Amino acid sequence: MTEQNIAHAAAENLRKTYQALLDQYVTTPALSPADRELATVAALAAIGRKGASRLPAHIHAALDAGATRQTIIEGLATMSQAAGTPTSVNAIAVAAKVFAERDDKGQGTEAERVWLEGDAPGGTPQERWERAQQTIQEVYPAGPTDETYTAVNTLAPHFWRDVVAVFYNDLFLHPGTSIKYRELFVMSTYAAINTTPLQIVWHTNGALNTGWTRQEISEIFTHLALNIGITNAMTALHYGKQVFDQRDHQGTAKPHEPRTVETGRGTPDARFTEGAATLASLNPEELPHGEGWDLAEEIAPGLHQLAVGHLYGDLLARGGLDDKTKHIALVSAITALGGLTEQLAFHIEAALNSGATRNDIVEAITLMSAVGGFVRATDAIEAAGEVFARRDAAGSSN
């Protein structure tokens with residue numbers, strides 16, 4: 001087989017694997033097809049050029065599942081507060097091409113073209129500011145979860161007033177879709193970019209306050225895993241569980257939101273069993289797996305089965321690379337992502353338990369400084385140092 005044919009075959013295998021994983025682990029009645037696709041559109045748009053190749057297909061799929069064009073456009077505009085205006089502008093341009101293609105091919109329906117005309121409430125800057133504050137109070141009645149927003153309001157009040165007025169009056173109150181679906185786009189965006197935990201917490205609260213259930217939020221993070229990565233999905237779930245617990249502790253949970261774990265996923269198959277055995281062998285010390293891992297089985301069984309069955313049952317069981325090389329690759333990738341300290345530490349341990357040396361780990365992280373940046377590399381070296389120290393204390397030979 002030629003090198004070109006190898007790449008073509010690998011691409012086709014990835015496509016088939018993606019669909020199979022959707023069918024086996026991700027697609028459930030707990031989340032409607034339209035909502036799954038809208039969350040995916042938000043996540044792919046949020047990662048910009050990295051998700052550009054798949055974005056049109058999922059915009060088509062969202063429309064085929066019953067979403068309207070205006071919901072997609074309003075959602076993409078709203079997520080500008082999370083991913084930036086250029087990101088939203090580029091995604092809306094992609095959506096426009098999809099709409100035109102559907103019309104040219106006769107695929108578009110009248111239902112998807114329904115458009116609610118109008119604009120957000122206007123008025124003076126003071127009126128827009130006051131109305132935006134009311135929106136915040138309605139959607140996030142608990143207020144900021146730390147002093148971040150208070151600091152911005154104190155040190156840069158002009159910036160804060162403009163941001164609040166634009167986001168929570170001009171965007172959130174614009175006709176075309178509900179605040180509930182705006183929160184879906186924003187929450188999915190923050191899960192995809194995974195750089196600002198406070199905002200994931202804030203908008204998970206907002207999603208619950210506007211009608212999403214805990215079950216649906218867990219399913220959204222599970223569904224997004226195939227496009228944003230299992231590590232990012234696990235991290236989003238980790239912060240989601242923090243929100244659930246906080247709301248229970250404070251007595252602020254809404255009547256609609258209690259979660260019931262969907263039980264129709266079936267008995268774990270051989271791949272899951274093999275993955276669980278591989279995972280146990282890589283972690284004889286029974287160390288934490290990282291953000292979200294220890295609670296996925298409890299509140300997001302689909303994500304847990306996907307992580308164990310696909311990552312440890314399928315991918316790590318494949319031939320072609322030895323275990324040491326596979327785990328060094330994972331350490332490198334997680335270093336480049338950044339901000340996943342617990343998961344990085346776990347995979348450093350797994351790499352060492354698979355035969356990698358400490359020097360292998362340090363060199364892999366150092367190499368990633370040119371790809372992910374020196375800040376992420378420095379953080380990863382610190383995480384590695386903590387792993388080495390723990391192993392020294394435990395009398396490990398490597």
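In this predicted model, helix α10 (residues 157-171) makes a good starting point, since a simple check can be made on its length. At 1.5 Å a residue, its 15 residues should span 21 Å, and the C-alpha atoms at its ends lie 20 Å apart, which agrees. Several residues of α10 are buried, namely Trp160, Val163, Val164, Ala165, Phe167, Tyr168, Asn169 and Leu171. The partners against which these buried residues pack are α4 (69-78), α5 (80-83), α8 (125-139), α9 (148-155), α11 and α12.

Two of these partners, α11 (179-193) and α12 (197-209), are joined by a loop that holds Asn194. Although Asn194 is not a glycine, its phi is positive, at about 50 degrees. Asn194 has a relative accessibility of 13% and therefore counts as buried, the cut-off being under 20%.

Further along the chain, another pair of helices invites a look. Two packed helices are described by the angle between their axes and the distance between the axes. For helix α18 (residues 323-337) and helix α20 (residues 358-372), the axes come within 9 Å and cross at roughly 40 degrees. The two helices α18 and α20 are therefore oblique to each other, and their crossing is right-handed. On the α18 side, the residues that meet α20 are Lys324, Ile328, Val331, Ser332, Thr335 and Ala336; on the α20 side, they are Asp360, Ile361, Ala364, Ile365, Met368 and Gly372. Of the residues in this contact between α18 and α20, 7 are nonpolar, 3 are polar and 2 are charged.

Methods: Residues are numbered from 1 along each chain as its sequence is written. This is a predicted model: local features need pLDDT of at least 70, side-chain atom pairs count only at pLDDT 80 or more; totals for chains, interfaces and linings use all residues. Side-chain values use heavy atoms; hydrogens and water are left out. Axes are lines fitted to C-alpha atoms, for helices over the stretch in contact, and angles run from 0 to 180 degrees between N-to-C directions. Helices (H or I, at least four residues) and strands (E, at least two) are DSSP runs, numbered from the N terminus. Angles under 35 degrees count as roughly parallel, over 145 as roughly antiparallel, 65 to 115 as roughly perpendicular and the rest as oblique. A crossing is left-handed if the near helix is turned anticlockwise from the far one by less than a right angle, and right-handed if clockwise. Contact means heavy atoms within 4.5 Å. Ala, Val, Leu, Ile, Met, Phe, Trp, Tyr, Cys and Pro count as nonpolar, Asp, Glu, Lys and Arg as charged, and the others, Gly among them, as polar. Buried means under 20% relative accessible area, exposed over 50%, partly exposed in between (1.4 Å probe, protein chains only). The expected span of a helix is 1.5 Å times one less than its number of residues.
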